[in-house]
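Got a structure in front of you and wondering where labels like "buried" or "salt bridge" come from? Let's go through some of them one by one.

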Amino acid sequence: MYTHPSFIRRGVGRLILTLCEDAARGEGFTSVELMTATMAGKPLYRACGFEAVEEVVDNRGGAGVPLLRMRKAL
């Protein structure tokens, strides 16, 4: 998900994460993971309880893209 710059710091990202987590919890999931390529999102994910699991670089497109896999127990 991406939040348009005009709507940052208004709770949109946190609301989307909360709705997704609630839906996953409702289906019986006990943890969730995400893969972030937008390092500017790391503070939000950490504030929402996600922890870094693995740093990787995706080289499939010809230019390396740093990614961070994050996990949260529900």
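Q: Among contacts in the chain between residues at least 6 apart in sequence, what share joins residues at least 24 apart?
A: In this predicted model, that share is 53%.

Q: What makes up the chain, and in which pattern along the sequence?
A: There are two helices and three strands. Reading along the sequence, you meet them as α-β-α-β-β.

Q: How do you know that Cys20 is in no disulfide?
A: A disulfide needs two cysteine sulfur atoms within 2.5 Å. For Cys20, the nearest cysteine sulfur belongs to Cys48 and sits 11 Å away, so that pair misses the 2.5 Å cut-off. The structure holds zero disulfides.

Q: Why is Cys48 called buried or exposed?
A: The label "buried" takes a relative accessible area under 20%. Cys48 has 10%, so it's buried.

Q: And what about Cys20: buried, partly exposed or exposed?
A: Cys20 has a relative accessible area of 47%. Partly exposed is what lies between the 20% and 50% cut-offs, so Cys20 is partly exposed.

Q: What makes Arg69 and Glu33 a salt bridge?
A: The rule asks for a side-chain nitrogen of Lys or Arg within 4 Å of a carboxyl oxygen of Asp or Glu. The closest N and O atoms of Arg69 and Glu33 are 3.1 Å apart, so the pair counts. Arg69 is in strand S3 (residues 65-73) and Glu33 in strand S1 (residues 31-36), with their positions 36 residues apart in sequence.

Q: Which other arginine meets Glu33 in a salt bridge, and at what N to O distance?
A: That's Arg71, at 2.6 Å. Glu33 is in strand S1 and Arg71 in strand S3, so this pair ties together parts 38 residues apart in sequence. Glu33, Glu54, Arg69 and Arg71 are linked in a salt-bridge network.

Q: Why is Glu33 called partly exposed?
A: Its relative accessibility is 42%, and partly exposed runs between the 20% and 50% cut-offs, so the label fits. Arg71, at 36%, is partly exposed as well.

Q: How do you know that Arg60 and Asp58 form a salt bridge?
A: Their side chains meet at 2.7 Å, N to O, and the limit is 4 Å, so they qualify. The structure holds six salt bridges.

Q: What makes Arg60 exposed and Asp58 buried?
A: Arg60 has 76% relative accessibility, and exposed means over 50%, so Arg60 is exposed. Asp58 has 18%, and buried means under 20%, so Asp58 is buried.

Note on methods:
Residues are numbered from 1 along each chain as its sequence is written. This is a predicted model: local features need pLDDT of at least 70, side-chain atom pairs count only at pLDDT 80 or more; totals for chains, interfaces and linings use all residues. Side-chain values use heavy atoms; hydrogens and water are left out. Helices (H or I, at least four residues) and strands (E, at least two) are DSSP runs, numbered from the N terminus. Contact means heavy atoms within 4.5 Å. Buried means under 20% relative accessible area, exposed over 50%, partly exposed in between (1.4 Å probe, protein chains only).
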